[in-house]
Every structure is written in structure tokens, then in C-alpha cells.
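User: I have a model open and would like to talk it through with you. Could you take my questions as they come?

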Number of protein chains: 2
Amino acid sequence: MPIRRQVIADDLRNQIATGQLKTGERLPSEALLAVQYEVSTPTLRSALALLQGEGLVEKIHGKGNFVRHGRRRITYVGGGRTPFRAGQIVSAERITISTTNLGAEGHLVALLGVPPHSPLTEILCICHEDGMPHSLARIYVPRDLSPAGESGAPVSEQRLGAWLGEPRPPLAEIRERVTARPPKPEETAALRISSSLAVLDVTRAAVDTTGRVVEATLLVLPGDRADAYFLNQLPSPQAENDG
Amino acid sequence: MPIRRQVIADDLRNQIATGQLKTGERLPSEALLAVQYEVSTPTLRSALALLQGEGLVEKIHGKGNFVRHGRRRITYVGGGRTPFRAGQIVSAERITISTTNLGAEGHLVALLGVPPHSPLTEILCICHEDGMPHSLARIYVPRDLSPAGESGAPVSEQRLGAWLGEPRPPLAEIRERVTARPPKPEETAALRISSSLAVLDVTRAAVDTTGRVVEATLLVLPGDRADAYFLNQLPSPQAENDG
DNA sequence: GAGTGGTCTAGACCACGAG
DNA sequence: TCGTGGTCTAGACCACTCA
């Protein structure tokens, strides 16, 4: 027995692919679509949720459902330095930054490899594009490496932006983990995404040449718009001795 | 106003964290939980869907909802050779493999960098663990590099397994892209996952030292159980000239 | 057959956006 | 204010698992 929401999603997906529904165009209201497809509104909404997760449709509360322009636009490039250098997170028009001082706890202890309650600075970044938030990053830095220094004094947003762009001692290693999970309530609010969407959760640790973890980043990207790319140039044609 | 499904999910999450609900334990039936929390069944189910997406709860049709054992267990390690060498996809108890011959089309053309309709071999792998499927991989190889050779003759599953483990000419580069998206109907069936879960979609291209793409892999992992790890050893302390 | 989750219905009421 | 999507209700019927 065919699942009705899948049938509806297939039909709409087809209409988008063939150009019957054009990029940027508004779909009929959910109520009307429900009548047309002869299903209840929850069923129709679950069909739209599929297309939304695929990045084909964008829902805007109070306005309607829109065919999204082409493919995914937010790109995280792994293996680099900080997410905000060298365009690793795609050109953000505006970045809102703030810092907080706190002690290491939970997985941050393991991630940074520091003793519990070590002084850290949290740098919270919300990147915007086209007036919409499109990524959320929490960067944790040992206090002595932070822009405020040991004191942990407040730092202006402008100064923080400059600090993120400054050159740093060379890194030896980047470790990254990528997961898909439902957004937390704060994240649905900050990113203005539906709670039925998954987010890409990127956890990143940067290790310097002395083996110290100089930065840990928790990055959250909306699953309908984001890709993470990783490029690994393999070192040398020899040293191929694995099991 | 608090969202009821979030309140319920928070409460159950807390019970799991504090050990009131133990690992492997069955939760009360959805009908009973709905009565206890004084919500309708769809609302209660949406609360469970959140916990399922977080990997805390596993739903089994006809049996119930169970507290999952600890953390995510399926690990994809990026940057390596093929996904099935050197345990890059965690130890699979059983792998079902089959091949199909086809011509390159769609994104495969771009991914492999071959002319349209070039002969390819598709190797379909379904990995099982604990009797449950836990990953789905489609590996595309130019026909002349495939285990069947130019002829495209059928190859036994055993021979395919051996072929995947064989050493290959050295690679120069691995390109990987990770995305979260809802599962396609075939994927919910093959992986036996709920359609409300996201999957981790890993697309991978392996380039040899001549610049030829010798393999492209489309890997689908259940979002509630899977992590992708990437480790990048940065080459040298110099060459830090970026803009 | 009894109990479970999977899908769906036909509404209700609230919150957001634009005129 | 009106139309939109967001959340929720109180059921129904089907499919799966196990005794």
C-alpha cells in the first residue's frame, strides 16, 4: 500500500523537477493542497516536511511554502583552521559574536583535553545571510588563548571579529565529527528552522604542534541547506602498509 | 508557551539520564504514556520521535520503545581508501553485496568525471550488525577497474568481498560530502528505520595519482546511530599563506 | 488473539505576516 | 483583519510481534 505522504511528495517533487513549479514560486496553501490531494492537513503537512528536509521547499510561517532556489547553499569546509577564516563557512553577510567565560565541563573536558573546570572562553557566533540566520557556532578556547587573555575581560564584537581572522600558531591536526540530529529548542529559535528538520552537528577540535587542543567548535547547520565538505590529500605514494 | 512534545521529551530524557529508565529497558506503551502525560497519541509520538532522532530511544514496531545502549555505534571514518577496507565502516558482521552494470548518468557523471553513458559497475552493499541492517553503500567503479573487468560478467559475492579488500594503486585525494536528509522509501525499508528519522548521506570520490576518479561511493547511514569522523593531519608548519 | 506501533482523519485553537 | 502555517486533539483502521 502506497504511503500517501510519499505519493504527494513524489508528485510535488516531480512538478518542481519539470518546472511546473518554478524556483521561488509559492505553493498553494496547505489547506488548499489538502483538498486537492484529498488528504487531511496533517498528512499534507508531513508530505511538505519531506520536501523541506530535502531542501526543495522552504516554509515561512504566515506566508506559505516556496520552491527553494536550486541546491544547498551553506557549505562547511572541513580540515581548515577556524570556521571563520578563509571562507570555510560561506560568506556570511553579518556575524553576531559574543563571549562568555566559563569552566570546562561535560564533553568539553574530553574534547579539549583539559582538567574539569579549566577556564574557557565561549565565543558564540550566529551567521546571517539574506537577513536570515544560517549557522550557529560555539567556539571554546582556553582562557589564556582567548582574545580577552587570562583576565576574561569583555571584548567588543569588532575586536572579536578581528581576533578570529588573525593568524595563529600552526596547527598539527584537525579532528571533526559530523552527526545528524533534531534541533534543540534554542536552535530552532536561533536558526529559525522547523523543529521537524534535522541539523548537521559538526564538532571540531584543532590541535597545535605541541599536541595541545587550542580550540573546540560546536557548529550547528540547518539540515535542509547545509553540506559539509572534506578534502583529504593523501601524503605519499608509499606507506601503504595497512592490514 | 512551552511546547508539550518538548516538555515530555525533556522529562523522558531526564529519566534516562538519571537512570530511572535503564539502558535496554522498555518504555510504557505509547497509549499509556499518552494517558500519563495527558496528551493525545500523535503528540506523545512526536515527543518520542525527538528522542529517537537523538539516539536515546529505539522504536520497534509491534514491540515497543526501548532505551538505547549508550552512544552512537556506527562510525564512518572519512579520508580513507574504500569504506570497506581497514574497518572504516565499523566491523560489520555480514555484508550483502551485489553488482549491476549501468551507464553513467546524472550526478555520477560529474562525480566520476567520466563522459555520459560510460560503462560503470555498481556494487551495492548492505551491512548488518546484530541481525539489523546498519548501512547502505552504492559504490560506482569504472567498468575496466571493476572486479568483473571490461566484460561486466557476474561475480560471486565472495569474490566481491575479496576484491573490496584487495590493495589498489595509491590514491592522491579523497573528496567527501556529508548531508542530512530524510530517507527515501527504499532506504527506510533497507535500513529498517522510521521515516521520521534523518539519514547521514556521505558522497565520496577517490582520485588516484593520475587524477582519475577510480571510485565514487554513495553511503547512507541511519541518523540516530551514525557519526562520521574526519581526521586531517596538516602537512607542515610553513605554507600558511592564505588570504 | 492481544498488544504494540504506523498511518491517517477532521476538525480545533494559537501565532505569525501583510495590508 | 485575514490568510497563513504551528500545535494539538480524540479518535479510526492497518501492520507487525509474540504467545
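User: What classes of residue make up the surface near DNA strand C?
Analyst: The surface near DNA strand C has 12 polar, 6 nonpolar and 6 charged residues, where a residue is near a strand if its C-beta atom, placed from the backbone, lies within 6 Å of it. Ala, Val, Leu, Ile, Met, Phe, Trp, Tyr, Cys and Pro count as nonpolar, Asp, Glu, Lys and Arg as charged, and the others, Gly among them, as polar. This is a predicted model, in which local features need pLDDT of at least 70 and side-chain atom pairs count only at pLDDT 80 or more, while totals for chains, interfaces and linings use all residues. Residues are numbered from 1 along each chain as its sequence is written, and chains are lettered from A and ligands numbered from 1 in the order in which they are written.

User: Which residues come nearest to that strand?
Analyst: Of the 24 residues around DNA strand C, those that come nearest are Arg4(A), Ser40(A), Thr43(A), Gly62(A) and Ser29(B).

User: And which element gives the largest share there?
Analyst: That is H3(A), with 3 residues of the surface near DNA strand C; helices (H or I, at least four residues) and strands (E, at least two) are DSSP runs, numbered from the N terminus.

User: Switching to the two chains, how many residues does each bring to the contact?
Analyst: Chain A and chain B bring 38 residues each, two residues being in contact if their C-beta atoms, placed from the backbone, lie within 7 Å. On the side of chain B that touches chain A, S7(B) gives the most, with 11 residues, and by class that side has 19 nonpolar, 10 polar and 9 charged residues.

User: What does S7(B) pair with?
Analyst: Strand S10 of chain A (residues 226–233) runs antiparallel to S7(B) and is joined to it by 6 bridges, where pairing requires that DSSP finds at least two bridges between the strands. Within this pairing, Tyr229(A) stands opposite Arg177(B).

User: How are the copies related?
Analyst: A turn of 180° with a shift of 0.0 Å along the axis lays chain B on chain A with an RMSD of 0.1 Å, and the two copies are thus related as by a two-fold rotation axis. The superposition is by least squares on the C-alpha atoms of residues with pLDDT of at least 70 in both copies.

User: Do they meet through the same surface, and why say so?
Analyst: They do, because 100% of the interface residues of chain B are also interface residues in chain A.
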